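Me: Could you take me through one part of this protein in close detail, with the cut-offs behind each term? I would like to look at the strands and the side chains around them.

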Amino acid sequence: MQSNKHDRLFLEILKEERSIVTFLDSVFGFLYRCTDFFQHQNDSSGKVGFPGGVAKDIVQKLFQRYENQTHYEKQAAVLGNMASNDSDVPSACQEVVLGIEADTPEPLIVETSNGALRKMEVNEEKNVREVYNGDDRGTYRWSQTLGDIDVFIPVTKDIQKAKQVNVKIDPLHLQVATVGQEGSCVLIDQTFPHRVIPDECLWSFDGEHVQVNLEKKEERWWDRLFSSDPPIDTKKIDTVIMTSDLSQEEHMKVEELIVNQGTRQQFSNACLEQPLEDKNFNHDPFS
C-alpha cells in the first residue's frame, strides 16, 4: 500500500533515535533546517513559508486526524463484532501480535459478544471506519464526528502523485479533480448542506484515495454529505463525544460534575453508615 510505503524507513530512524520524542525532534529539526516550514510569509504575495499560525494548525489538524482514526478503528471493531455470526468459542483467550515488518497485513482479530473470535480483514475494518456515522456512496465514502468530516475518494491507478490531484474547498462547495493519462477527470463537484471552514480544512493523497478533512462551521450531525445525497438514518449515529473533542471550558464542567457527584455519594454513604440512634427519629422539636 502506498500509505505505508515509507514505514520501513521511518522504523529504521525510530530504532536509531530509540524514542518517540527524539524521533519527532529529528523530524521537526529536518523541517527547520531543510524546508521553509517554520518561515513566516512577509506578505500575501510571498512564496516562502506559511502565513502566521498556519504551520501549527497543520500539525494540530494532522494529530487530530489520526487520534480520530484511532477512535474510528475501535468503533469499527465493535461494529464488526455485532455483524459477526460466528459461534466457535475458543478454549482460551488468544493474543494476536501484529508484525510491523510483515509484507502482507495480518487480519484483525475481534472478539464477538458471545466470546468467539472472528477474523476481520484489514480492508473490511478500514471500510467500516470510512463510513462511521456516514455513508458509502460508491464513488466516495464519508465519516463524521460532531466537529469534522472525513471524505475518502478512490482514484484510478494512473494517479500516482499528489500533484495530479486538484482540490478546491469553499464554505458550501467541494471540487476534486485529477489529471491522468487520459486527461482531466472531475471526481467530485458538489454542494454541502451546511457550511465548512475552508481555512481549517486539509486534504491528502495516499496513492489510492484522496482524503479530505472538512471542519464544520457548526457542531452538528449531518444527515448527508452533499445536498443531492439521500439522507442517512440519523437514529443510528453514534453520538458519543470523545473527551479530546471537548473544549477547556467543557472539560472543566465535566470535572465539576464528577467532583459534585463524588461529594454527594460520600455524603449519602456517611448517612447510611450513621447509627439509627444518632438520627434522633424520636426527638420532639417542640420539647
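Reply: Happy to; here is a walk through the sheet, the core and the charged pairs.

This is a predicted model, in which local features need pLDDT of at least 70, side-chain atom pairs count only at pLDDT 80 or more, and totals for chains, interfaces and linings use all residues. Residues are numbered from 1 along each chain as its sequence is written, and side-chain values use heavy atoms, with hydrogens and water left out.

Let's begin with the open sheet, where five strands follow the order β3-β4-β5-β10-β9 with antiparallel pairing. Strands here are DSSP runs (E, at least two residues) and helices are runs of H or I of at least four residues, numbered from the N terminus; two strands pair if DSSP finds at least two bridges between them. At the edges stand β3 (135–136) and β9 (202–205), each with a single partner strand, so one side of each has no neighbour in the sheet. Further in, β4 and β5 run antiparallel and are joined by four bridges. S143 has D150 in β5 as its bridge partner.

Strand β4 (residues 141–144) also holds R141. R141 is buried, at a relative accessible area of 13%; buried means under 20% relative accessible area, exposed over 50%, and partly exposed in between, with a 1.4 Å probe and protein chains only. The side chains of R141 and H209 are joined by a polar contact of 3.4 Å. That term covers a pair of N or O atoms within 3.5 Å; within protein, one must be able to donate a hydrogen and the other to accept it, and residues adjacent in sequence count only if both atoms are side-chain atoms.

Another pairing involves β7, which is joined by eight bridges to the antiparallel strand β8 (residues 183–191). These two strands form a hairpin with two residues between them, and Q175 stands opposite D189 in β8.

Now for the core. The largest nonpolar core has 25 residues, and those with the most contacts inside it are V151, L174, V210, V212, L214 and L225. Such a core is a set of buried Ala, Val, Leu, Ile, Met, Phe, Trp, Tyr and Cys residues joined through side-chain atoms within 4.5 Å. At least two of its residues come from each of β5 (148–154), β6 (165–170), β7 (173–180) and β10. V212 makes a good place to zoom in: leaving out residues up to four places away in sequence, V212 touches I149, D150, V151, I153, V167, I169, L174, V176, L202 and W203. Contact means heavy atoms within 4.5 Å.

Charged pairs complete the tour. The whole structure contains five salt bridges, each defined as a side-chain nitrogen of Lys or Arg within 4 Å of a carboxyl oxygen of Asp or Glu. One of them joins the side chains of E215 and K61, at 2.1 Å from N to O. E215 lies in strand β10 (residues 209–215) and K61 in helix α3 (residues 54–83), so this pair ties together parts 154 residues apart in sequence. K61 is buried, with a relative accessible area of 13%.

Elsewhere, E218 pairs with R220 in a salt bridge whose closest N and O atoms are 3.8 Å apart, and R220 is partly exposed at 35% relative accessible area. D223 and R224 meet through their side chains at 3.2 Å, N to O, in another salt bridge. Both are partly exposed, D223 at 24% and R224 at 21%. Finally, salt bridges that share partners join D135, R137 and D229 into one network.
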